[in-house]
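Visitor: I should like to understand how the terms used for a protein structure are justified. Could you take me through some of them?

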Amino acid sequence: MKEAIKKVCQLQFERREDDIRLQAGIKVSAADIPVVHPNYSEISFFEGGAVPEHETYAPSTEKPKGMEHNRNVSFDNLLKSSERFSAIVGYPGSGKTTLSKRLAKTQEYFCLYSRFMDLPDGEKLKLRTLLIDNNFPELDDATCEYVWEWVKKNQKKCLLLFDGMDQADWSFNKNAPKVSYDTPQSVSDLIANLCCKHFLRKVKLIFTSRPHSVIALPESLRPDATILLGDLPYESMKKLFYAYSGKSADKLWKHLSESAPVVFSLCFNPLLLQLVIAAGLNPSKNVGEINTTTRVFSTVLENLRCSNHAKHQDITLLMGQLSEVAYKATMRSSVVITRDDLRAVGLEPDEIQDIVVGIYAHFTATSRVFDGHVKYFFAHQLYQEFFTAKHMISNLSFIEFKGLVDNQLFSSEKWSVIRRFICGLLVDMMKDPSINQVTAADNSETESTRQKVHEQSGNEKVFPNDQFSSEIPEKRRIWIEALKSQLVRFEKLRTWLDEDDQPLEDDNRRRYISLLCELNESGDMELFNMASLRFPTELRLYRLKLSSSEAAIFCDVLRKQRKELMELDLIRCFSPGDVERLISAISEMPGKVKLLGINGNIIKDIPGPEFFAKFEEYLFMDGCFGNGRNANSSEEQKIQLALDQLHGSQLEVYVGFDDEGNRVILTPPKRSRSHTHFAGALLT
C-alpha cells in the first residue's frame with residue numbers, strides 16, 4: 001500500500017506545472033519570477049464579507065462570538081485551519097489557480113487535486129473513480145484500490161482540492177440524495193456528499209471559485225470557512241512588476257503611475273499585472289492610449305499579429321472565429337472547448353496556441369489519457385469573456401443584443417466582466433469603426449480563407465455575419481440607456497440593510513461597485529458625471545473589500561460629490577495603500593457628509609483639517625491606526641489639533657476606547673448642541 005502511495009506522489013511530482021502561467025508578451029523565464037502572495041483574509045459572508053448578506057449566503061455554522069472578521073491569514077496557515085471544508089474565493093485574475101497549484105504541493109497532506117472544468121456530470125461514477133482512477137490513468141486497478149483503501153483509513157492526512165467551481169457546467173442539487181461512495185452516482189451528488197460529510201468526514205476539503213458560484217451553494221453544502229484572495233501587497237506587486245518588465249521597469253512604472261493611475265491600479269491583480277506590462281511594453285497605434293481594462297486586452301491581442309502563430313493569417317478573421325467559439329461556450333456556461341468547436345469555425349489548435357490551451361481530456365469512466373482526447377480552454381477566463389463581449393457587439397443582430405441587455409446581462413454578477421468589456425469595446429468601435437471591419441486590401445485573402453473553411457467544414461454559415469457591425473451605434477444607445485437605468489435604480493435603492501430587514505435577492509453593494517467600473521470603462525464623461533449626480537445619499541459598503549482599481553474609481557466618483565451625503569459606511573473596505581486616496585477624495589469633494597464610518601481602514605498619516613471639515617456630525621475611526629488598533633495619545637493630539645481649527649463645528653470623532661472601556665470622542669472647540677441618535681448601529 002505504501003508503494004502505491006509513493007507511486008501517486010511521484011506521478012503528481014512529475015506533473016507539476018509552473019505556479020504562474022506567463023501570458024503572451026511577457027518575455028522572462030518562470031524560474032526568474034519571485035514567489036509572492038496576495039492578501040488572504042478569512043471572511044464571513046453571513047455578516048458582510050466580500051459577498052454580503054443580500055445574497056442570503058451564510059456559513060454552515062455561525063462563527064463563535066468575539067471572533068474577528070476579515071482576519072488576515074498567511075499562506076503558511078491556510079492548511080492549518082481547524083475547519084474541515086473551506087472555500088477560497090477571488091475575483092477574476094486574483095490568483096485562485098496559482099494558489100491551488102501551490103497548495104497541491106503541500107508536504108503536510110496527501111493531496112488529490114481536481115479541476116471542476118474536467119468533471120462532467122452526465123456520467124455516473126464511483127467516488128474512487130472520481131478521485132483516483134481518472135486523475136491517475138497510468139495506474140492499474142489494483143494500485144488504484146490500494147490508494148483508495150489508504151485514503152479511507154488515513155482521512156486526516158488527506159486533502160481534496162477542487163479548483164474553479166465557477167467553471168463547472170453543472171450545478172448542485174438543492175437536496176442532494178445521501179449516497180454510497182461504492183455506488184455509481186453523478187459527479188454533483190458525489191461532491192455534494194463530500195461537502196455535507198456523508199462520507200470521508202475527516203478529510204480536508206477545499207474549493208476555489210469566483211464568489212458568485214459559492215453564493216449559489218445550497219445551505220447544506222456551504223463551507224465552514226471562507227478565505228478571500230485580495231490584491232497583491234504593494235511591495236509584492238512591485239517585485240513582480242520589475243521581474244516582468246526587465247530593463248524597461250523604471251520607465252514603465254513612472255509612466256503608468258503618473259499618467260494612467262487607474263490602469264496602474266490594475267497591477268495589484270496578478271493576471272492584469274502581466275497584461276498591463278505586456279501592453280505597456282508593446283503599445284499599439286491601432287488601439288491607442290492604454291487607459292482602460294479593455295484597451296489592455298485589445299493591445300495584447302493586437303500584438304499577436306506579430307507572433308509566430310498568427311503570421312500569414314487574417315487577424316480580423318481569426319478574432320471573429322475566436323469570438324464565436326467564446327460566445328457559444330459562455331452561453332452554455334462552459335469554459336471547455338472541443339476540437340470540433342474549433343473546427344466548426346475553421347480553426348486548428350496550433351493556430352491559436354497563444355490564446356487557447358490544450359489539455360488531455362481523460363476524465364470519463366471508459367476513456368483514458370492514451371485515447372488521445374484533448375479539451376481546450378482559453379489561457380484565462382478573462383480572454384473568453386473579452387471575446388464573448390466582442391461577439392455580442394459585432395455579430396449579434398440588434399434584436400438579439402437587446403434581448404441579452406433586457407433579460408440577462410444585468411441579471412447577475414456572473415456577467416459583470418462581460419459588461420465591462422462591452423462598455424470598453426463599444427466606445428472604441430464608435431471612435432474607430434474599422435476595428436470591426438476587414439480592410440479592402442485584405443478582402444481577397446479573407447474571402448479565400450472563408451471559402452477554404454466552408455469547403456473543410458461543409459457549413460455555409462461558419463462565420464458570423466458582418467452586416468451587424470452597422471448596428472453598433474444603435475447598440476451603444478440602448479446600452480447607455482441600460483446603464484442610466486441602473487444608476488437611477490441605485491440612487492433610489494438603499495444598498496444596505498438594517499438588522500431587522502429581510503434579505504434582498506441581489507448583492508447590491510457589489511453590483512453598485514461593478515456599475516461604477518463599467519461606467520469608467522465606457523470613457524463617457526457624461527455617464528461618469530451622472531454617476532456622481534446619482535450617487536446614493538445613504539450607502540453602506542460595510543466590509544465589502546474593494547480592489548485597488550475599484551477603490552480608485554470609487555474615489556474618483558466620490559471626489560465629484562456636491563450634494564450632502566447622509567451616511568457613508570466604508571468600514572473595512574480599503575487596503576492600506578488605498579486609504580490615502582480615499583482621504584484625498586473626501587478632502588477635495590465640494591459636498592459634505594453627515595456621517596462617515598471608516599473603522600478598520602488603516603491610516604498612515606493623520607489627515608489635516610480640510611478632511612475633518614467635510615463632516616457635519618459623526619466620524620468613526622476606531623481601528624484605523626497602526627495595525628488596526630485605536631488611536632493612542634499622540635494620534636489623539638494630532639486629530640485634536642486639526643479639529644481645533646473647525647470652530648463652531650458639531651462634529652464628533654470616535655477614535656476608540658479608554659482603559660475603562662469608555663468611548664473616546666474628540667470634538668472641535670465651542671461645540672454647542674447635542675446630537676440626535678442619527679448614527680444608529682455605528683454608535684453601539
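**Terms and their grounds**

Guide: In this predicted model, the side chains of Thr143 and Asp140 are joined by a polar contact of 2.7 Å.

Visitor: What makes the 2.7 Å between Thr143 and Asp140 a polar contact?

Guide: The definition asks for a pair of N or O atoms within 3.5 Å, one able to donate a hydrogen and the other to accept it. The side chains of Thr143 and Asp140 come to 2.7 Å, so the distance satisfies the cut-off.

Visitor: Why is Thr143 called buried?

Guide: Thr143, which is found in helix H4 (residues 141-153), has a relative accessible area of 17%. Buried means under 20%, and therefore the term applies to Thr143. Thr143 also lies 8.9 Å from Lys7, C-alpha to C-alpha, although 136 residues separate them in sequence.

Visitor: How do you know that strand S4 and S5 pair?

Guide: Pairing requires at least two bridges. Strand S4 (residues 110-115) and S5 have six bridges, so they pair, and they do so in the parallel sense. Phe110 stands opposite Cys158 in S5.

Visitor: What makes S5 and strand S6 a pair?

Guide: S5 and strand S6 (residues 204-209) share four bridges in the parallel sense, and therefore the requirement of at least two is met. Ile206 in S6 is the bridge partner of Leu161. From S5 the chain crosses to S6 through helix H5 (residues 187-195), in a right-handed β-α-β crossover.

Visitor: How do you know that both faces of S5 are covered?

Guide: Cys158, Leu160 and Phe162 on one side are buried, as are Leu159, Leu161 and Asp163 on the other.

Terms used: Residues numbered from 1 in each chain as written. Predicted model: local features only at pLDDT ≥ 70, side-chain atom pairs only at ≥ 80, totals over all residues. Heavy atoms only, no water. Buried < 20%, exposed > 50% of the residue type's maximum accessible area, 1.4 Å probe, protein only. Right-handed = clockwise from strand over helix to strand, strands pointing away.
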